[in-house]
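Colleague: I should like to learn how to read a ligand site and its helices in a model of this kind. Where shall we begin?

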Amino acid sequence: MTITIIGIGLIGGSIAISLKENGFAARIIGVDQSQENLDKAVRRRLIDEDMDLGSAINESDLIIISIPVNAMLQVLPKVLDLVENQVVIDVGSTKAELMESVKNHPKRKQYIGTHPMAGTEHSGPEAAIPNLFNNKTTVICDAEQSKNDAVELVEKMYNSLEMRVLYMDAKSHDMHTAYISHISHISSFALALTVLEKEKDEKTILDLASSGFSSTVRLAKSSANMWVPVFQQNRDNVLDVLDEHINSLSKFRTLLIKKDFDKIHELIEQSNDIKRILNS
Ligand code: NAP
């Protein structure tokens, strides 16, 4: 199978490595707005060659769009205009706005909205790694709006990446990801800003950074180009979760002011329940 990947960064590049390695793809073509990234992708052998969008689509059986979610709003309809019978998927972190934007496109049934729930805080083709997706979950959204054989092909592709496939409607996907992914990024960005503001001496941060601080603040290294469009498209859900999070922070603040350490003990024990959910 020949596969075109549009956006050969962390996610597109990691998909390329694994699909080539497991034999699902015989040939991978890269399309990207950055020639520098394409050159790096060829040098790292993530892709076999790069092409302009029209030629790449003509040569391909499957097209994977892996660019920031705001750019997808322009690129997905353009790709659907150009395809004949090929299958098109996107791997964006938000789904409802994009899927709504193409709901009346005549080629809608050839498109499947997906979200492989795996990533790191790094970006670009140099961040692409093998096995990023192993044993993780991918979400396929509103599958009933796509052709059955297209859904089967995409499911096969994700199974070849050793991913579990979950089906969900796009609105529920966006609500759930606000809880499990988007809020942790906002909270990490905010924590990094707090510490940078309070601790002007960067060397002290480095010297004292324990594994707890580093792991909590790791997501604050993530790219603004990728995350701002996610917050823009999922604003309402993220605001709901953020309000809940601010409530929790306020609870700790009030208890500290009142020196109510028994209640703080109780809250921490309640929060430990997350172990049960994550280990189940
Ligand atoms: P990335 O590493 O920054 O890669 C994106 C690539 O797309 C870059 O090479 C970028 O070029 C290029 N690009 C941007 N706009 C483009 C356009 N209009 N046309 C063609 N190429 C374009 O980003 P990523 O982390 O792989 O994210 C890609 C997608 O996966 C996003 O939709 C994101 O929501 C989703 N996703 C991300 C994660 C994660 O943890 N990072 C996890 C799951 C899903 P420039 O460098 O010039 O901008």
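Modeller: Let us begin with the polar contact, which is a pair of N or O atoms within 3.5 Å. Please bear in mind that this is a predicted model. One such pair joins an oxygen atom of the ligand to a backbone N or O atom of Ile67, at 2.7 Å.

Colleague: Which atom in the side chain of Ser93 lies 2.6 Å from an oxygen atom of the ligand?

Modeller: In Ser93 the partner is a side-chain N or O atom, 2.6 Å from the ligand oxygen. Gln33 contributes through its backbone: a polar atom there is 3.1 Å from a nitrogen atom of the ligand.

Colleague: How much of the ligand does the protein bury?

Modeller: The ligand taken alone exposes 900 Å², and 84% of that is buried by the protein. Helix 1, helix 4 (69-82) and strand 6 (111-116) are the elements that each give two or more residues to the surrounding shell. Helix 4 supplies the largest share, four residues.

Colleague: How many residues surround the ligand, and which are the closest?

Modeller: A residue counts here if one of its heavy atoms lies within 4 Å of the ligand. There are 26 such residues, and Asp32, Asn37, Ile67, Ser93 and Gly124 are the closest. Sorted by class, the shell holds 12 nonpolar residues, 13 polar ones and one charged residue.

Colleague: Let us turn to helix 1. Is this helix largely enclosed or open, and why?

Modeller: The test is burial, meaning under 20% relative accessible area. Helix 1 is largely enclosed by the rest of the structure, because 10 of its 12 residues are buried. Among them are Leu10, Ile11, Ile15 and Leu19. Strand 1 (2-6), strand 2 (27-31), strand 4 (62-65) and helix 6 (148-160) pack against the buried residues of helix 1.

Colleague: How does one read the span of a helix?

Modeller: One compares the reach from first to last C-alpha with the span expected at 1.5 Å a residue. Helix 1, residues 10-21, reaches 17 Å, close to the expected 16 Å. Gly23, with a positive phi near 85°, follows helix 1. Helix 11, residues 235-257, has 23 residues and reaches 32 Å, close to the expected 33 Å. Lys259 follows helix 11, and its phi is also positive, near 55°.

Colleague: Which residues of helix 11 are buried, and what covers them?

Modeller: The buried residues of helix 11 are Asn237, Val238, Val241 and Leu255. Their cover includes helix 7 (170-198), helix 10 (224-233) and helix 12 (261-271).

Definitions and conventions:
Residues numbered from 1 in each chain as written. Predicted model: local features only at pLDDT ≥ 70, side-chain atom pairs only at ≥ 80, totals over all residues. Heavy atoms only, no water. Expected span 1.5 Å × (residues − 1). Buried < 20%, exposed > 50% of the residue type's maximum accessible area, 1.4 Å probe, protein only. Contact = heavy atoms within 4.5 Å. Polar contact = N/O pair within 3.5 Å; in protein donor to acceptor, adjacent residues only side chain to side chain. Areas by Shrake-Rupley, 256 points an atom, 1.4 Å probe, with all protein chains shown as cover. Nonpolar A, V, L, I, M, F, W, Y, C, P; charged D, E, K, R; others polar.
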